[in-house]
Amino acid sequence: MTRMQRIVAKGSVAVITGAAKGIGAAVATDLAARGLRLALFDRDETALAALAGRLGTDVLTVTGDVAQRADCERLHAAVAERFGTPRLLINNAGLMRRPGPWASPEEWREVLDVNFISTLRLQHLFVPDMIAGEQPGAIVNLGSKEGITTPPGQAAYSVAKAGIKVLTEQLEHELRNATQGRVSAHLLVPGYTYTPMNFPDAKPGDRKPEAPWSAEQMVDYFMARLLNGDFYILCLDNEVTPAMDAKRIRWAAEDMIRNRPALSRWHPDYKEDFAQWMKS
């Protein structure tokens, strides 16, 4: 049995934030089917309770807001009291808002608190326990392709998710040195996924559009890659292939190397060059 198989194993404990719907609920459903015990955290108490009732495993639900320090501390205390130290921490909670680059810091605050600071805070609370223990463990942080290629239009979200990428890379490096790989970090980067965050107006029973993957498809792909021990887990969708992701990421990285204009992929002078790059 590999180290990751020992983590994602019957009886192990997983903590999932933003667990009530979307990707968080799909991850919880997958892990419950594998026999893990779960601590689920979300601010939607009704949806959280409904999910817990469907899972058929040992579930602790904690209602709270990841942007609130006291709520995160209450989650940590509740998990310690009920389960001890978790094997798996999945920082999934997210929020989509669109303040621009010269919007006020106050408009940015909630986006940064939910999408970045909450992950840092939960690492601060749980990772020392995981390091001090003797069991293997893993932390999965939810990134975004918007934090890698940083397309225009969602500056605050892109900044937060770029921060998650760097934070998780730093975490993995430090854990590798501190635990010789017993505890690891992983960056989950979904593709276009049919979730309440991406489709806030969708109603139960609505047909999923063709382009996005379902949350369940995304989680199937994620779990296979996690069990393989991958650090970067870039997921696909029905329109984007691994080759397309690789070309877009390489183009973005080469803006600095080639001294092109910022975000040249969306610059009118580079429209044809980028189109040819994607075709080549």
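**Exercise 1. Find the acidic partner of R43 in a salt bridge, and work out which parts of the chain the pair ties together.**

Step 1. Apply the cut-off: a salt bridge is a side-chain nitrogen of Lys or Arg within 4 Å of a carboxyl oxygen of Asp or Glu. R43 meets this with D65, their closest N and O atoms being 3.6 Å apart.

Step 2. Place both residues. R43 sits in the loop between β2 (37-42) and α3 (45-55), while D65 sits in the loop between β3 (59-63) and α4 (69-82), so the pair ties together parts that are 22 residues apart in sequence. Helices (H or I, at least four residues) and strands (E, at least two) are DSSP runs, numbered from the N terminus.

Step 3. Check the burial of D65. Buried means under 20% relative accessible area, exposed over 50%, and partly exposed in between (1.4 Å probe, protein chains only). D65 counts as buried because its relative accessibility is 18%.

A note before you go on: this is a predicted model, in which local features need pLDDT of at least 70 and side-chain atom pairs count only at pLDDT 80 or more, whereas totals for chains, interfaces and linings use all residues. Residues are numbered from 1 along each chain as its sequence is written, and side-chain values use heavy atoms, with hydrogens and water left out.

**Exercise 2. Describe the salt bridge between D58 and R82, then decide whether each residue is buried or exposed, or in between.**

Step 1. The closest N and O atoms of D58 and R82 are 2.7 Å apart.

Step 2. D58 lies in the loop between α3 and β3 and R82 in helix α4, so this pair ties together parts 24 residues apart in sequence.

Step 3. D58 is partly exposed at 32% relative accessibility, and R82 is partly exposed at 41%.

**Exercise 3. Locate the salt bridge of D245 and K145 in the chain and assess the burial of both residues.**

Step 1. The side chains of D245 and K145 meet at 2.8 Å, N to O.

Step 2. D245 belongs to helix α8 (residues 242-257) and K145 to the loop between β5 (137-142) and α6 (155-179), so the link joins distant parts of the chain, 100 residues apart.

Step 3. D245 is buried at 6% relative accessibility, and K145 is buried at 18%.

**Exercise 4. How many salt bridges does a search of the whole structure find?**

Solution. The search finds 13, among them the pair R43 and D65.
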